[in-house]
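Me: I am new to this structure and would like to go through it slowly, one question at a time. Could you reason through each answer before you settle on a value or a name?

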Amino acid sequence: MLTNKKITLYVSGSIAVYKSLSLLRLLIKKGNQVTVVMTKAATEFVTPLTFMTLSKQTVYTDEFKVESASDVNHIKIADETDLAIVAPATADLIAKMANGIADDIASSALLATTAPIYVVPTMNTHMLENPATKRNIRTLREDGIQLMDSATGFLAEGYEGKGRMPEPVDIVSWLEVMELSVTKQLQGKKIIVTAGGTKERIDPVRYLSNDSSGKMGYAIARVAQRAGAEVILMTGKTSLSRPTGMKIIDIESAAELFNAVKDAFTDADGLIMAAAVADFRPLTTAKQKIKKNDDNDLMNISLTKNPDIVAEIGKIKRSNQFVVGFAAETNDLLENATKKMLKKHLDLIVANDVANINIGFNSDDNQVTFIFKNGQQIQTPIESKLAIATELINVIGEQII
Ligand code: PMT
């Protein structure tokens, strides 16, 4: 996990250096010691003093500014690194890394680093698309260095494009997944993951929904991807940052989700239903906003049942496909979850107590019990949804597929 580590944060000369201050704070908040190494160009944007004030560690900007005669800065930095992050990573620094150039403190220390190195390419779109940069990025990947997809959006040059440095919170999420001890047990598998809550429209401005934030489903999608799966994420509206490198299908209602799952399941290896799907929808959806009736304080809405998506898929799944469901219960958790697993023909059900506000809906943590068809049960402790997702993917890899 991304904690209790000696992290070296390399920052190079991009306007995005200001974001690295937030990244530094997030990494420290998670319980890491962070040493910052700046290229000369980076110091043109933010001073070393700013990083030193936040990190409370020496900030290295020059190979030849040593604190003692025995110090060889670039080796000292490299040997004391558990994990290196280069963010922002300019085209220049990427080029130096790809070609073994060591002509300043950053490139020298990186060349001497044997710990995992994570790079966040940050530059103008045209520079990112340049064949030379693409070649250098390919080289780094071949060298076992992990690179994060650049974000797409408004660039400092005043136009939209790919090449923006992702938000610090997204970089930390990505690092946490990359640091997971997950084997490639889902390599070559195509897996559908559903997340978030459905919206069942009453009229153009009103709907029925629930408190699902999507955090559980998004964590599962990221870990499944890390385990080698080709992931299709089907998601209700959330405020979460969207994972990269996977197909994402936005849905609103249970009916839309049902159609999307049916279409994709034909050639999928499995389905993990973490979404909070409404059991009912309004019998009719008004085309215009329903007006209040001043003569009557009561408003009645007739509801009708939605399709039980996971149960319908459970009926048609082939023997070489799997279906995992969740059970959101407020009482008799294990009994109700077991009934659902049998009724919906699931291979595994993940039971969580949504009456406990410290876990379940919208919480960063969860506690679940895996219940298998053969009656076996495995309960997790209360832990992060990323940890739960990792255990779920491991269980699927070891016992379901
Ligand atoms: O999104 P978060 O804020 O992180 O919260 C996570 C979660 C609590 C939503 C998640 O852990 C969870 O429990 N998801 C399932 C919620 C739910 O709908 O549970 P249920 O017991 O009502 O449904 C049982 C299973 O049937 C679920 O897999 C559900 O996706 C599925 N279902 C339900 C209704 C329906 N019409 N079709 C379905 O497929």
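Me: Which pocket is the space taken by the ligand?

Reply: It should be said at the outset that this is a predicted model. With that in mind, the space that the ligand takes up can be placed among the pockets of the protein, and it is the largest pocket.

Me: How many residues surround the ligand, and into what kinds do the residues of the shell divide?

Reply: The ligand is surrounded by 29 residues, and the closest of them are Ser213, Lys340, Asn352, Asn362 and Lys385. When the residues of this shell are divided by kind, six are charged, eight are polar and 15 are nonpolar.

Me: Which element supplies the largest share of the shell around the ligand?

Reply: Elements that each supply at least two residues of the shell are α9 (215–226), α11 (309–316) and β17 (322–329). The largest share amounts to four residues, and the element from which these come is β17.

Me: What polar contacts does the ligand have with Lys215, Lys344 and Asn362, and how much of its accessible area does the protein cover?

Reply: A contact here requires N or O atoms within 3.5 Å, and an oxygen atom of the ligand is 3.4 Å from a polar backbone atom of Lys215. With Lys344 the partner is an N or O atom in the side chain, 3.1 Å from a ligand oxygen, whereas with Asn362 a polar backbone atom is 2.6 Å from an oxygen atom of the ligand. Of the 760 Å² of accessible area that the ligand has on its own, the protein covers 96%.

Me: How many aromatic pairs are there, and how many residues apart in sequence are the parts that the pair ties together?

Reply: The count comes to one aromatic pair. The pair is formed by Tyr118 and Trp174, with 5.5 Å from centre to centre and 85° between the planes, and, as an angle over 60 degrees counts as edge-to-face, that is how the pair is described. Because Tyr118 lies in strand β5 (residues 117–121) and Trp174 in helix α8 (residues 168–178), the pair ties together parts whose separation in sequence is 56 residues.

Me: Where is the cis peptide bond, and in which strand is Pro88?

Reply: The cis peptide bond joins Ala87 and Pro88, and its omega is about 0°. Most peptide bonds, by contrast, are trans. As for the place of Pro88, the residue is in residues 83–89, which form strand β4.

Me: What is the phi of Asn4, and where does Asn4 lie?

Reply: Most residues other than glycine have a negative phi. Asn4 is not a glycine, yet its phi is positive, at about 55°. Along the chain, Asn4 lies in the segment before β1 (6–11).

Technical notes
Residues are numbered from 1 along each chain as its sequence is written. This is a predicted model: local features need pLDDT of at least 70, side-chain atom pairs count only at pLDDT 80 or more; totals for chains, interfaces and linings use all residues. Side-chain values use heavy atoms; hydrogens and water are left out. A residue is near a molecule or strand if one of its heavy atoms lies within 4 Å of it. A polar contact is a pair of N or O atoms within 3.5 Å; within protein, one must be able to donate a hydrogen and the other to accept it, and residues adjacent in sequence count only if both atoms are side-chain atoms. Accessible areas come from the Shrake-Rupley method with a 1.4 Å probe; for residues, only the protein chains shown count as cover. On a 1 Å grid over the protein atoms alone, a cavity is a set of points where a 1.4 Å probe fits but cannot get out, and a pocket is an open set with protein on both sides within 12 Å along at least five of seven lines; lining residues have an atom within 4 Å of a point. A molecule sits in a cavity or pocket if more than half of its atoms lie within 2 Å of its grid points. Ala, Val, Leu, Ile, Met, Phe, Trp, Tyr, Cys and Pro count as nonpolar, Asp, Glu, Lys and Arg as charged, and the others, Gly among them, as polar. Rings of Phe, Tyr and Trp (its six-membered ring) pair if their centres lie within 6.5 Å; planes under 30 degrees apart count as stacked, over 60 as edge-to-face and the rest as tilted.
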